[in-house]
Amino acid sequence: MILRQISVSNWRSLLKSVELGPFSEGLNVIHAPNGTGKSSLFEAMQRGLFDAHHTSGADIKAVLPWGRKLTPSVIIEFIEGGETWRVEKKFLSEASAKLQRFEDGEFKPFANGRGADSEIRKILSAEGPRHGPSKPEHWGLAQILWAPQGELNLKKISGSTAEVIKGALGVQLSGGSGGLQERIKKRLLEYFTEKGKEKTGKNAPPIVDRRDRQSALKKELEERQERYQAFEEQSKAVEDAAREHHQKAEEAAEMRKKVKTARTEEEKFNDLKTEQKIKRQEEKLAKNNYERLTQIKKTREAIAALKKTITSKEGKLAELEEKADQAKDDLDRCSEARDSACEKRSQIDERQKVIDAAREYLRQTEDLKKLKKRLSDLVKFENQLTADQRSRNEIVAPTSDELRDLRESTSKLKEARAALEASQIHLAITPEREIVIENTIDDSETPVKAGKTSSFSGDGQVNLKVAGFGLIHASGPKDGADRHRADLKEAQERISELSQPYGTEKPDELQELKEKADKLDGSIRTLDGKIETLLGEDSSDSLKQYLDKLRTAIGETENVHPEWKKEPPVLDELESDFETFRQDTEGAIAAAEDAFNQAHSESSEATNAANNAAVELEHKQEKLKEQQDQLEKFQSDGLSDEDRDKAISEASMSWQAAKETADQAEKALKQFPGDPTTKLKELEKQRDKLDDAEQDARDKEKTAEGELRNLESEGAYSKLVDVEEELEALESQIEWESIQMDAIKLLHETVNDCEKSMIESVLEPVELRASELWARVAGSHLGDVKLKGDFAPKAVTPERADGPVGLGNLSGGEEEQLYFIVRLALAKVLAENERQLVVLDDVLNATDAERLGCLLNLLKEVSDRLLQVIIFTCHPERYRALDLAESNFFELKSRDD
């Protein structure tokens with residue numbers, strides 16, 4: 001920053017408007033007695049540049065002149081970054097801020113209000129405080145370059161300012177900016193937060209989604225493994241059921257053999273029993289004949305009751321059969337509904353494919369939009385760069401040194417012209433009438449009209465002759481005119497030499513020409529940076545190829561889904577509709593399955609009930625037939641009642657005879673040790689149980705086979721393999737991305753370590769520079785200067801000390817000188833590429849005359865080459881020894897009470 005001029009009014013003791021400038025780009029001294037407003041002027045400059053115009057509180061209210069209600073205001077003109085700026089700020093009652101930039105020969109508005117405050121800080125790389133007035137740590141480079149009264153010490157440098165110093169050192173060492181480091185940092189922040197933790201939420205890197213998918217796949221893999229394990233277990237269950245079925249079949253076959261043997265024995269027994277039965281039957285027949293003859297009436301009553309029961313059973317059977325037919329129809333309908341619901345499963349997959357296509361289509365269209373914007377900006381920046389380069393090539397502008405030399409030569413020209421004029425004799429004549437004046441020295445004649453003044457000059461004397469009046473002679477000391485004339489000629493020749501390439505001798509025009517060239521150079525650098533940032537690691541051709549690829553992919557998708565071309569799909573709606581359709585479909589399938597199972601159960605129950613009713617009806621019908629047959633037999637004898645009585649008597653005797661014969665047969669049966677029929681029945685029960693067990697085993701085998709077929713239809717193994725393959729691929733991607741993230745993090749840490757090592761390595765040259773300046777002022781016995789990591793001074797290394805010594809061990813004057821030296825060394829670092837402003841308010845008050853002379857010589861050296869220095873002092877005589885021009889001294893008037 002270079003200060004051009006400053007104007008302050010209504011500021012503490014500066015009641016009247018004070019205007020200072022234009023300032024030289026070298027050393028400037030602002031002097032006045034104590035209490036006349038030097039520190040107020042410094043404060044106004046600091047607040048005008050770094051404080052917000054709307055700042056309130058006791059600190060800002062204190063700048064009001066005592067006992068008055070005015071508006072403190074300040075106007076500052078300065079040069080920064082090749083641009084000339086003007087800041088106008090008012091505080092308190094009429095607070096306002098204006099920022100103007102010099103364009104086309106005049107200052108034009110750039111920003112107002114808070115925007116002006118923000119832009120000024122941005123221009124000066126300063127930081128705004130959270131609230132209240134600014135402090136030195138908010139001043140950017142001015143924290144180092146400006147020293148308020150009593151605050152020359154430099155205990156600590158803010159982090160942002162230290163980074164600027166490091167950046168300046170980095171440029172000097174590497175010759176370039178940290179573009180690679182910024183790209184690495186940008187890439188690192190794609191994956192990690194500023195604190196080094198992995199990002200989460202919507203800005204999380206892809207690996208987070210992949211890890212979530214990995215967790216889901218692992219869970220799905222466990223489920224698939226369970227289903228596959230169930231398949232394996234069911235396969236084993238089928239084998240076990242088949243084995244059990246075979247075993248039960250063998251046991252049943254063995255038992256059937258035993259039954260067969262027992263039946264043979266039972267047959268022998270039954271033969272005797274049959275004989276006994278026949279005899280008993282004969283007995284029974286005889287008895288029945290007797291009872292038949294006596295029970296015709298009872299049989300007729302039984303037949304009537306059975307007929308009534310059969311009629312009722314037939315009606316109930318018809319109802320049950322109708323109900324069974326209806327249940328079968330319901331079963332068929334539920335089966336069809338279940339099959340129809342299951343067919344919708346394929347539609348779920350189709351809808352999922354549409355969602356995947358929509359997601360990819362939206363990503364591609366968003367990428368296309370960003371890429372178009374990127375290419376558009378790239379073309380705009382490239383066109384602007386070409387135009388700026390063309391404009392810059394057309395400009396021939398002086399350097400800062402040439403411009404400074406031209407200004408100095410112009411100043412010398414003015415001084416020589418003024419000195420020449422001061423060394424001559426000047427005579428002015430105003431005649432009352434028209435006359436002719438003859439200069440007898442050069443024999444020239446000059447007519448002069450009445451009332452007009454004519455001036456004549458000469459070296460040491462002027463001799464004039466006026467007709468009708470006489471001779472006029474004026475003389476004075478003749479000293480230095482020739483020397484001043486030679487100085488004037490030398491200055492003119494130097495100005496012509498310096499301005500010859502540029503077509504003008506006016507410094508302000510050349511300054512504008514240089515500022516215009518600097519502005520174009522800055523614009524070219526900015527555009528180069530923007531183009532490099534836009535391209536990144538890509539090329540213009542690769543971006544265009546990617547653009548064509550995106551358009552082709554989007555076109556293919558729109559051919560399949562033409563409606564998306566007019567209105568892009570809404571992914572949330574598609575997913576919501578899909579989830580609703582999937583839930584409805586799965587619910588419909590489950591409901592259809594439940595309905596089918598219920599109908600199957602009801603159909604089975606109805607069929608069984610109808611069958612049971614038919615069997616029971618058939619049993620009643622058989623019993624009726626038996627009763628009818630019996631009645632028919634009873635009545636088939638054709639006997640009358642009298643004959644039947646006689647027959648009853650005869651039947652009674654036949655019954656007794658048959659009974660005796662049957663008893664004899666029964667006696668023969670008792671010769672057997674046991675009842676073979678009982679044994680046979682027991683064996684048959686065992687056989688039946690084994691047959692049932694064989695049937696159960698057969699049913700279990702068939703059931704197990706059915707369940708196995710269901711598991712086979714799920715494709716448990718293929719789905720397990722699909723999940724394993726996807727999980728393997730995903731884990732490979734996660735591993736690769738993890739390696740990439742670790743590599744980026746390691747690269748960032750490595751680059752930071754390299755940067756830290758570099759800064760540590762360049763800290764030594766800065767210390768060396770400060771130490772050289774320190775030795776010129778304080779001598780070599782106090783050793784070298786040591787700096788902290790933020791470049792603030794921390795110690796010196798005296799020759800007699802065992803190690804570094806803290807600054808508290810120095811005298812007040814030495815400590816003051818050391819802080820001054822360090823500020824000067826850092827200022828030289830910051831001014832390597834652009835001249836910077838150093839402001840010192842009444843410093844070096846504790847420094848003796850000898851060391852003060854050394855420090856002033858250092859100031860003169862750096863102000864001639866690198867720095868603009870402005871010193872506020874109440875002792876201007878200290879700086880007269882520097883042989884500065886009077887224009888470099890600015891005096892503040894005393895306080896206006």
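The exercises below work through sheets, ring pairs, salt bridges and unusual backbone sites in a predicted model.

**Exercise 1. Find the order of the strands in the five-stranded sheet, and explain why β8 and β20 each have a side without a neighbour.**

Step 1. The five strands follow one another in the order β8-β18-β19-β3-β20, with parallel pairing, and the sheet is open.

Step 2. Strands β8 (146-147) and β20 (889-891) stand at the edges with a single partner strand each, so one side of each is left without a neighbour in the sheet.

Step 3. To look at one of these pairings in detail, take strand β3 (residues 27-31), which runs parallel to β20 and is joined to it by three bridges; within this pairing, I30 has F890 of β20 as its bridge partner.

Step 4. Two helices can then be placed on the sheet: helix α19 (residues 812-830) lies across β8, β18 (836-841) and β19 (867-873), and runs at about 165° to β18, while helix α20 (residues 849-865) lies across β3, β18 and β19, and runs at about 135° to β19.

**Exercise 2. Describe the three-stranded sheet, and state which strands are its edge strands.**

Step 1. This sheet is open as well, with the order β15-β16-β17 and antiparallel pairing.

Step 2. The edge strands are β15 (785-787) and β17 (805-806), each of which pairs on one side only.

Step 3. Strand β16 (residues 793-796) pairs with β17 over two bridges in the antiparallel sense, and in this region A795 stands opposite G806 of β17.

**Exercise 3. Classify the ring pair of Y361 and W564, and decide whether the two residues are buried or exposed.**

Step 1. A pair of aromatic rings is described by the distance of the centres and the angle of the planes.

Step 2. The ring centres of Y361 and W564 are 5.4 Å apart and the planes stand at 40°, so this pair is tilted; the limits that matter here are under 30 degrees for stacked and over 60 for edge-to-face.

Step 3. Because Y361 belongs to helix α9 (residues 345-393) and W564 to helix α14 (residues 563-566), the pair ties together parts that are 203 residues apart in sequence.

Step 4. Both Y361 and W564 are buried.

Step 5. For the wider picture, the count of aromatic pairs comes to ten, and ring pairs also link F42, F50, W139, W146 and F872 into a cluster. Rings take part in another kind of arrangement too, since R338 lies over the face of F596 at 3.9 Å from the ring centre, and R351 lies over the face of F581, also at 3.9 Å from the ring centre.

**Exercise 4. Examine the salt bridges E220 to R224 and D521 to R392, and say how far apart the partners are in the chain.**

Step 1. The structure holds 46 salt bridges, one of which brings together the side chains of E220 and R224 at 3.7 Å, N to O.

Step 2. E220 and R224 are four residues apart in helix α7 (residues 206-294), which means that about one helical turn separates them. E220 is partly exposed at 23% relative accessibility, and R224 is partly exposed at 24%.

Step 3. The side chains of D521 and R392 meet at 2.8 Å, N to O, and this pair links distant parts of the chain, with D521 in helix α12 (residues 507-535) and R392 in helix α9, 129 residues apart.

Step 4. D521 is partly exposed, with a relative accessible area of 24%, and R392 is partly exposed as well, with 22%.

Step 5. Salt bridges can also join into a network, as they do for R12, E43, R47 and D51.

**Exercise 5. Locate D104 and L844, which have positive phi values, and determine whether each is buried or exposed.**

Step 1. Phi of D104 is near 55°, and D104 is found in the loop between β6 (96-103) and β7 (106-112).

Step 2. With 71% relative accessibility, D104 counts as exposed.

Step 3. Phi of L844 is near 60°, and L844 is placed in the loop between β18 and α20.

Step 4. With 1% relative accessibility, L844 counts as buried.

Step 5. A further backbone site is the cis peptide bond that joins G21 and P22, where omega is about -5°; P22 lies in the loop between β2 (18-20) and β3.

Technical notes. Residues numbered from 1 in each chain as written. Predicted model: local features only at pLDDT ≥ 70, side-chain atom pairs only at ≥ 80, totals over all residues. Heavy atoms only, no water. Pairing = 2+ DSSP bridges. Contact = heavy atoms within 4.5 Å. Axes fitted to C-alpha atoms, helices over the stretch in contact; angles between N-to-C directions. Phe/Tyr/Trp six-rings, centres within 6.5 Å; stacked < 30°, edge-to-face > 60°. Buried < 20%, exposed > 50% of the residue type's maximum accessible area, 1.4 Å probe, protein only. Lys NZ or Arg CZ within 6 Å of the ring centre and 35° of its normal. Salt bridge = Lys/Arg side-chain N within 4 Å of Asp/Glu carboxyl O.
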